[in-house]
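Good morning, colleagues. Please keep the sequence and the structure in view while I speak.

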Amino acid sequence: MNQIERYLAIAAGKEEVHAGEDITVKVDLAIAHDITGPMAVEQFKKIGINHVFDAKKVVFVLDHIIPAATVEAKVLHNVLKQFSQEYGVKLYDKGEGVIHQVIAEKHRLKRGEILIGADSHTCMAGAYGALAIPVGATELAATMATGTIDLEVPDVCEIRIDGKLQLGVYAKDVILHLIGYFGTAGFTDQGVIYTGSLMDQLTMDDKMTISNMGIEMGTMISYFADPDQPVGTVKEVYTFQAEDIPASVACPPNPGIVVKAADLSSTKISQVVIGSCTNGRLSDMLVAAEVLRGRKVAEGVTLLIIPASVDIAQQMEDQGLNRIFREAGGMITSPGCGPCFGAHMGLLAAGDVAVSTTNRNFPGRMGHRDGKVFLASPRLAAESAIAGTIVTPGMVVPLGGLADELEK
């Protein structure tokens with residue numbers, strides 16, 4: 001068995017499992033947010049029981065529309081607040097941040113434990129070895145009641161990347177490159193195990209960025225291998241060299257249309273978003289701040305900075321990053337999903353063009369269907385904000401001068 005199968009077997013109480021087998025596994029944590037949570041609550045109440053399987057293992061986070069931008073959003077918040085009070089489950093309702101980052105900080109599972117989440121980017125937890133599986137609200141409701149989930153053991157492929165990234169190339173470029181190579185349906189309902197000398201040496205922040213967008217390749221489980229254990233038998237192994245990965249940008253209308261950043265040079269933009277669960281961690285903010293230090297955002301460009309959690313927001317404040325962002329002309333929002341979900345705090349109108357470090361760029365994802373969103377790394381996004389156009393890393397600030405690149 002491969003690493004994913006071995007952990008699924010343990011969770012299922014079986015000696016071994018194999019691809020295509022139907023199993024029932026014990027769940028270590030079930031999570032939802034203010035969009036999917038109320039739907040799960042509605043389905044849960046139809047089951048007709050007066051308790052969840054374990055109140056310590058069910059967590060809700062208000063992150064998609066907080067503060068509430070509409071009356072309807074506030075109603076959703078109140079549904080989860082009432083359920084939390086009635087059933088004793090944990091609710092984060094004070095703007096603590098994006099659900100995936102909050103879970104990583106406050107409820108991080110051990111390697112091989114099972115996380116079920118009613119959000120497609122639940123797979124981010126694979127960065128630290130959890131088997132993190134996105135589900136629908138109805139499936140989450142059943143898990144809340146039983147503490148288990150029925151699933152089919154997926155086929156598993158291995159993506160191996162060896163070597164060292166070029167200056168100006170980051171984890172975001174790695175995952176964009178992979179999505180462009182395999183397409184948005186390349187691993188539908190499959191598991192992916194990331195291995196190789198590059199992957200083993202990445203920081204946890206970088207691993208989270210890559211795992212987060214595994215779903216953009218269709219993956220069911222996006223998992224970083226334990227380098228001290230054999231990977232095991234997989235369906236296919238794909239091998240890449242880190243040196244061959246360029247600074248990349250995903251073009252509208254979907255994350256699978258990936259080109260070299262140089263191919264989009266001089267594309268005019270009107271907004272830049274740096275943050276979200278994909279790239280809203282302190283390391284991302286440090287890169288952006290070093291680019292923006294002592295410089296100004298271009299005329300006609302709106303720059304939004306969105307920390308992934310309140311803890312990260314506090315670190316940004318403590319390290320003086322917020323002053324750099326404000327002096328450059330950026331606006332810092334409260335932690336959360338912000339415009340990534342397309343509900344508030346920085347939406348696009350028809351004709352707007354944005355460079356964003358978020359994870360999706362479908363039509364209407366960030367506002368009007370005729371607004372365009374290009375996905376890129378925090379470095380590229382920050383330089384583009386200054387230039388007023390899409391640029392390649394190094395065009396505004398010379399490569400090799402940033403602290404994070406020195407560490408490479």
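Helix α10 passes helix α12 in a left-handed crossing. This is a predicted model, and everything I describe should be heard with that in mind. In α10 and α12, which cover residues 282–292 and residues 321–328 respectively, the axes lie 9 Å apart and the packing angle is about 45 degrees. The two helices are therefore oblique to each other.

Which residues of α10 and α12 make the contact? From α10 come Leu-282, Met-285, Leu-286, Ala-288, Ala-289 and Leu-292, and from α12 come Leu-321, Ile-324, Phe-325 and Ala-328. Sorted by class, this contact has 10 nonpolar residues, with no polar and no charged ones.

Helix α10 also packs against a second helix, α13, which covers residues 378–387. Here the axes come within 8 Å and cross at roughly 30 degrees. An angle under 35 degrees counts as roughly parallel, and so α10 is roughly parallel to α13. The crossing of α10 and α13 is right-handed.

On the α10 side of this second contact we find Asp-284, Val-287, Ala-288, Val-291 and Leu-292. They meet Pro-378, Arg-379, Ala-382, Glu-383 and Ile-386 in α13. How many charged residues does the contact of α10 with α13 have? There are three, beside seven nonpolar residues and no polar ones. Two residues of α10 deserve a second look: Ala-288 and Leu-292 are listed in the contact with α12, and Ala-288 and Leu-292 are listed in the contact with α13 as well.

Let me turn to another helix pair, α2 and α5. Helix α2 spans residues 37–47 and helix α5 spans residues 137–146; their axes come within 8 Å and cross at roughly 50 degrees. That angle makes α2 oblique to α5. The crossing of α2 past α5 is right-handed.

The α2 side of this contact consists of Met-39, Ala-40, Gln-43, Phe-44 and Ile-47. The α5 side is made by Ala-137, Thr-138, Leu-140, Ala-141, Ala-142, Met-144 and Ala-145. Taken by class, the residues are 10 nonpolar and two polar, with no charged residue.

I come now to the sheet. In what order do its five strands stand? The order is β4-β3-β2-β5-β6, in an open sheet with parallel pairing. Strands β4 (90–92) and β6 (131–134) stand at the edges; each has a single partner strand, so one side of each is left without a neighbour in the sheet. From one strand to the next, the twist averages 20 degrees.

Within that sheet, strand β2 (residues 29–33) pairs with strand β5 (residues 114–117) in the parallel sense, over three bridges. Leu-29 stands opposite Leu-115 in β5. A helix also lies across part of the sheet: α3, residues 71–87, lies across β2, β3 (58–61) and β4, and runs at about 150 degrees to β4.

Finally, the chain as a whole. It contains 14 helices and 18 strands. Along its principal axes, the C-alpha trace spans about 55 × 50 × 40 Å. What radius of gyration would a compact globule with 408 residues have? The expected figure is near 22 Å, and the chain has 21 Å, which agrees.

Thank you. I shall be glad to take your questions.

Conventions: Residues are numbered from 1 along each chain as its sequence is written. This is a predicted model: local features need pLDDT of at least 70, side-chain atom pairs count only at pLDDT 80 or more; totals for chains, interfaces and linings use all residues. Side-chain values use heavy atoms; hydrogens and water are left out. Two strands pair if DSSP finds at least two bridges between them. Helices (H or I, at least four residues) and strands (E, at least two) are DSSP runs, numbered from the N terminus. Axes are lines fitted to C-alpha atoms, for helices over the stretch in contact, and angles run from 0 to 180 degrees between N-to-C directions. Contact means heavy atoms within 4.5 Å. Angles under 35 degrees count as roughly parallel, over 145 as roughly antiparallel, 65 to 115 as roughly perpendicular and the rest as oblique. A crossing is left-handed if the near helix is turned anticlockwise from the far one by less than a right angle, and right-handed if clockwise. Ala, Val, Leu, Ile, Met, Phe, Trp, Tyr, Cys and Pro count as nonpolar, Asp, Glu, Lys and Arg as charged, and the others, Gly among them, as polar. The radius of gyration is taken over C-alpha atoms; the globule rule is 2.2 Å times the number of residues to the power 0.38.
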